[in-house]
Amino acid sequence: MDEIKTKDYYEKLLNFIYSGSTYCTCWLFNICSVRDFEQNPIPQTSTITNSEADVEKSILKACIQLGWKCTPLSEGKIKGVLDIRTHQLTVDIAYDKTAYSINYKDSINLNYNGKKIHRQYVNWVSNLIRHIDAEMI
């Protein structure tokens, strides 16, 4: 009887894992769907009004704090590169005075296959977003 329950448990577990659950796929297989982080709002208050130059400065400062190599490419566009051990992530950061977006550009050794990427991608970009937001305030 226990063998039947165990087999049933594992069948249900595998069905759940392969049913498209992003969390389980990330956790078990170390890969997640690639997503872009679009239109993150720039904080504006009655006492804080950020210009495009302020936004660029805040993005570059946050990059430096986290070890990203960020290079302004043109007005409103920065290239960000993060090297961690044997991994490299490249993103495009587009911004104006109201919002900024971080979009996947390229990677090395992050198992990118056109749709999925190493789960750390989301963590690294989310951490950059938190630091950029903190610099804006």
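The following paragraphs lead from the overall fold of this predicted model to its core, its last helix and its aromatic cluster.

The protein chain contains four helices and seven strands. Read from the N terminus, these elements follow the order α-α-β-β-α-β-β-β-β-β-α. The chain has 137 residues, of which 34% count as buried. Among contacts with a separation of 6 or more, 52% join residues that are 24 or more positions apart.

The interior comes next. The largest nonpolar core has 26 residues, and Ile59, Trp68, Leu89 and Ile102 are those with the most contacts inside it. At least two residues of this core come from each of helix H3 (52–66), strand E4 (77–84), strand E5 (87–95), strand E6 (99–108) and helix H4 (120–136). Helix H4 gives the largest share, seven residues. Ile59 illustrates how such a core residue is surrounded: apart from its neighbours within four places in sequence, Ile59 is in contact with Ile78, Ile93, Tyr95, Tyr100, Ile132 and Met136.

Helix H4 deserves a separate look. This helix has 17 residues and spans 24 Å from its first C-alpha to its last, close to the 24 Å expected at 1.5 Å a residue. Its buried residues are Tyr121, Trp124, Val125, Leu128, Ile129, Ile132 and Met136. Viewed down the axis of H4, these buried residues fall within an arc of 135°, so they line one face of the helix. The spacing can be understood from general helix geometry: an α-helix has 3.6 residues a turn, so residues three or four places apart point the same way. On the other side of H4, Arg130 and Ala134 are exposed. The buried residues of H4 pack against E2, H3, E4, E5, E6 and E7.

One of these buried residues, Tyr121, leads to the aromatic rings. A pair of aromatic rings is described by the distance of the centres and the angle of the planes. The structure holds three aromatic pairs. In one of them, Phe37 and Tyr121 are tilted, with 6.2 Å from centre to centre and 55° between the planes. Phe37 belongs to strand E2 (residues 37–41) and Tyr121 to helix H4, so this pair ties together parts that are 84 residues apart in sequence. Phe37 counts as buried because its relative accessibility is 5%, below the 20% limit for that class. Tyr121 is likewise buried, with a relative accessible area of 0%.

Tyr121 also pairs with Tyr104: the ring centres are 5.9 Å apart and the planes stand at 80°, so the pair is edge-to-face. Tyr104 lies in strand E6 and Tyr121 in helix H4, so the pair ties together parts that are 17 residues apart in sequence. Both Tyr104 and Tyr121 are buried. Taken together, ring pairs link Phe37, Tyr104, Tyr112 and Tyr121 into a cluster.

A last residue to consider is His118, which is found in strand E7 (residues 116–118). His118 is buried, with a relative accessible area of 12%. The side chain of His118 reaches the backbone nitrogen of Gln120 at 3.0 Å. Gln120 stands at the start of helix H4 (120–136), and strand E7 is among the elements against which the buried residues of H4 pack.

Conventions: Residues numbered from 1 in each chain as written. Predicted model: local features only at pLDDT ≥ 70, side-chain atom pairs only at ≥ 80, totals over all residues. Heavy atoms only, no water. Buried < 20%, exposed > 50% of the residue type's maximum accessible area, 1.4 Å probe, protein only. Polar contact = N/O pair within 3.5 Å; in protein donor to acceptor, adjacent residues only side chain to side chain. Core = buried A, V, L, I, M, F, W, Y, C linked by side-chain atoms within 4.5 Å. Contact = heavy atoms within 4.5 Å. Phe/Tyr/Trp six-rings, centres within 6.5 Å; stacked < 30°, edge-to-face > 60°. Expected span 1.5 Å × (residues − 1). Arc of directions from axis to C-beta.
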